[in-house]
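Thank you all for making time this morning. I would like to walk through one chain with you, going from a single helix outward to its surroundings and then to the chain as a whole.

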Amino acid sequence: MRHGFLLALAFGVIAAPAIAVPPEIDPAVYTDPAHDAAHPARMEVIHVPVGGVAINGVVYVAAGAGPHPVVVLCHGLPGNEKNLDLAQAIRRAGWTVITFNYRGSWGSPGSYRFAQDLEDANAVIAYVRAPANAAALNADPKRIVVVGHSLGGWVTALTAAHDKAVLGAAMISPGNLGAIGRMPRATAVPLLRDNGLEALADTSPETMYGELSANADAFDFVRAAPALLAMPLLVATSDDGLAPQADALVAAIRTAHGAKVTTLHVATDHSWSDHRIRLESEVIRWLAALK
């Protein structure tokens with residue numbers, strides 16, 4: 001009997017029971033868009049010029065003629081968690097997503113340096129704003145949002161602080177490099193060493209700490225708070241020990257009467273390993289409010 005039931009279920013004779021989806025899960029997390037034969041969803045490899053080299057990137061182009069709003073997705077240090085599930089979910093929600101690798105990371109040429117991460121993010125945004133590139137990618141250069149995880153959250157904060165044309169900025173478990181630069185060497189160097197630095201070129205924990213300590217004030221995203229007062233922000237923290245750094249940024253913005261910050265704290269690890277669906281839903285809903 002059981003064998004016959006399974007065959008009937010497989011061939012559609014018996015309808016499969018409906019699965020109740022919790023309302024807090026955004027449909028884009030689990031629903032593919034309708035196929036658009038004229039303008040299908042696709043992937044494009046790009047090479048973005050910056051600092052005399054060309055960094056590598058991949059564009060997840062949304063289905064439809066567009067132009068589509070754009071998310072520039074910044075990875076962490078070194079970027080073992082690329083958040084590509086998040087990129088795919090955001091694309092299903094109608095956004096084109098650009099992922100890229102900083103100079104000296106994951107095959108992009110050059111030596112890895114923190115200051116260059118900021119330059120590289122600027123270069124990617126400039127790339128998508130160039131009319132020819134925007135047209136080729138069906139992208140709307142006037143609707144760009146920066147989203148970053150970990151180190152990428154720091155890149156996101158400082159990028160949004162100086163680029164007033166950015167539509168919004170989302171930081172996921174961000175780390176404040178300025179705060180790390182103020183740590184004693186004996187504390188900071190082991191912290192940097194534990195990150196799997198084989199993916200980075202021509203650097204070391206000692207080199208990294210030297211750059212951070214020399215630029216602690218310039219790299220402090222709390223000092224960027226006055227420039228973020230009018231910027232729509234999502235600040236999502238986790239139980240990774242970095243939440244106080246993000247909380248300090250939020251407090252500085254709110255103390256100065258910035259009223260466009262949305263905060264979220266979830267009891268999960270730095271990579272949101274057991275809350276990926278929650279993360280995707282929260283980011284997509286926040287993005288929808290910006291359109």
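Let me begin with a question: which are the buried residues of helix 2, residues 84-92? Bearing in mind that this is a predicted model, the buried residues of helix 2 are Leu 86, Ala 87, Ala 89, Ile 90 and Arg 91. As for what covers them, the list includes strand 1 (42-50), strand 2 (53-61), strand 3 (68-74), strand 4 (96-100), strand 6 (168-172) and helix 10 (276-288). Just after helix 2 there is a backbone detail that you may want to look up in the coordinates, since Gly 94 takes a positive phi of about 105° there.

That brings me to strand 4, which is mostly covered, with 5 of its 5 residues buried. In a regular strand the side chains alternate between the two faces of the sheet. In strand 4 both faces are covered, with Thr 96, Ile 98 and Phe 100 buried on one side, and Val 97 and Thr 99 buried on the other.

How does strand 4 pair with strand 2, in the parallel or the antiparallel sense? The pairing with strand 2 is antiparallel and extends over 4 bridges, and within it Tyr 60 has Val 97 of strand 4 as its bridge partner. Strand 3, by contrast, runs parallel to strand 4, and 4 bridges join the two; here Val 70 stands opposite Thr 96.

For a position outside these elements, consider Pro 33, which is placed in the loop between helix 1 (2-10) and strand 1. Its relative accessibility is 43%, so Pro 33 counts as partly exposed. Between the C-alpha atoms of Pro 33 and Asp 239, which lie 206 residues apart along the chain, the separation is 34 Å.

Turning now to the whole chain, we find 10 helices and 8 strands. The radius of gyration is 21 Å, close to the 19 Å that the globule rule gives for 291 residues, so the chain is as compact as a globular protein of that length. The C-alpha trace spans about 70 × 45 × 45 Å along its principal axes, and buried residues make up 49% of the 291 residues. Of the contacts with a separation of 6 or more, 73% are between residues 24 or more positions apart.

Finally, the surface: the chain exposes about 12900 Å², of which carbon and sulfur atoms supply 60%. There are 21 positive and 26 negative charges, and their mean positions are 5 Å apart.

How values were computed
Residues numbered from 1 in each chain as written. Predicted model: local features only at pLDDT ≥ 70, side-chain atom pairs only at ≥ 80, totals over all residues. Heavy atoms only, no water. Rg over C-alpha atoms; globule rule 2.2 N^0.38 Å. Buried < 20%, exposed > 50% of the residue type's maximum accessible area, 1.4 Å probe, protein only. Contact = heavy atoms within 4.5 Å. Areas by Shrake-Rupley, 256 points an atom, 1.4 Å probe, with all protein chains shown as cover. Lys, Arg positive; Asp, Glu negative; His and termini not counted. Charge placed at Lys NZ, Arg CZ, Asp CG, Glu CD. Pairing = 2+ DSSP bridges.
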